[in-house]
Amino acid sequence: MKNYPLISVWMTTYFDVEYIEEALDSIKMQETSYPFEIVIGDDASSDGTYEKIMDYSASHPEMNIKCETNPKNIGLSANVLKTKMRCKGKYIINLSGDDYW
């Protein structure tokens, strides 16, 4: 269990390019003393959301961001299920791609 995160923050995104950085910044501002991961499922956004997430991830490797994009839009319910299934944390919490803490 040493390599597993205690917390998984899962996010689903779809056309959230204008908001995703603020959402990720709000996670970054949280003070933690335990490992966490950010699991993101982008539902085939064509507005640059996925690329923005990947740039952010490259600039902040300490945040342990794991993002996948669907090759085609699968809808909110399927994207939520697919994203949550990738979480490895003991506890999981949701933050929408267009929201912030």
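A salt bridge here is a side-chain nitrogen of Lys or Arg within 4 Å of a carboxyl oxygen of Asp or Glu. I wrote that down before opening the model, which is a predicted one.

**Entry 1: K66 and E37**

I started with K66 and E37, whose side chains meet in a salt bridge at 2.9 Å, N to O. I placed K66 in strand 3 and E37 in strand 2, so this pair ties together parts that lie 29 residues apart in sequence. Then I looked up how covered each partner is. K66 has 30% relative accessibility and counts as partly exposed. E37 comes out at 0%, so I have it down as buried, the cut-off being under 20%.

**Entry 2: the other salt bridges**

How many salt bridges does the structure hold? I get 3.

One of them joins E21 to K52, with 3.6 Å between the closest N and O atoms. E21 sits in helix 1 and K52 in helix 2, so parts 31 residues apart in sequence are tied together by this pair. I checked both ends for exposure: E21 is partly exposed at 37% relative accessible area, and K52 is partly exposed at 31%.

I also looked at R86 and E68, where the side chains meet at 3.4 Å, N to O. R86 is in the loop between helix 3 (76-85) and strand 4 (91-94), while E68 is in strand 3, 18 residues away. E68 has a relative accessible area of 38%, which makes it partly exposed.

**Entry 3: overall layout**

I stepped back to the whole chain. I count 3 helices and 4 strands, and from the N terminus they run β-α-β-α-β-α-β. The radius of gyration is 13 Å, close to the 13 Å that the globule rule gives for 101 residues, so I call the protein as compact as a globular protein of that length. Along the principal axes, the C-alpha atoms fill a box of roughly 35 × 25 × 20 Å.

Next I looked up burial and contacts. Of the 101 residues, 39% are buried. Among contacts with a separation of 6 or more, 82% are between residues 24 or more positions apart. The protein exposes about 6200 Å², and carbon and sulfur atoms supply 52% of that.

**Entry 4: helix 2, two sides**

Which residues of helix 2 (residues 49-59) are buried? I find T49, I53, Y56 and S57. They cover an arc of only 100° around the axis, which puts them on the same side of the helix. I reminded myself of the background: an α-helix has 3.6 residues a turn, so residues three or four places apart point the same way.

On the other side of helix 2, I see D55, A58 and S59 exposed. I took A58 as my example from helix 2; its relative accessibility is 60%, so it counts as exposed. I also took one distance from it: the C-alpha atoms of A58 and V17 are 16 Å apart, with their positions 41 residues apart along the chain.

What covers the buried residues of helix 2? My list includes strand 1 (7-13), helix 1 (20-28), strand 2 (36-42) and strand 3 (65-69).

**Entry 5: T13**

T13 lies in strand 1. Is it buried or exposed? At 2% relative accessibility, T13 counts as buried. Leaving aside neighbours within four places in sequence, I find T13 in contact with I20, I40, G41, D42, D43, S45, T49, I53, N79 and G97. I cross-checked two of those names against my helix 2 entry: T49 and I53 are among the buried residues there.

**Entry 6: the core**

Last, I pulled up the largest nonpolar core, which has 16 residues. Those with the most contacts inside it are V9, M11, L24, I27, I38, I40 and I65. Strand 1, helix 1, strand 2, helix 2 and strand 3 each give two or more residues to this core. Helix 1 gives the most, with 4 residues.

I followed V9 in detail. Not counting residues up to four places away in sequence, V9 touches I27, E37, I38, V39, I93, L95 and W101. E37 is on that list, which brings me back to my opening pair, since E37 is the salt-bridge partner of K66 and is buried at 0%.

Key. Residues numbered from 1 in each chain as written. Predicted model: local features only at pLDDT ≥ 70, side-chain atom pairs only at ≥ 80, totals over all residues. Heavy atoms only, no water. Buried < 20%, exposed > 50% of the residue type's maximum accessible area, 1.4 Å probe, protein only. Arc of directions from axis to C-beta. Contact = heavy atoms within 4.5 Å. Core = buried A, V, L, I, M, F, W, Y, C linked by side-chain atoms within 4.5 Å. Rg over C-alpha atoms; globule rule 2.2 N^0.38 Å. Areas by Shrake-Rupley, 256 points an atom, 1.4 Å probe, with all protein chains shown as cover.
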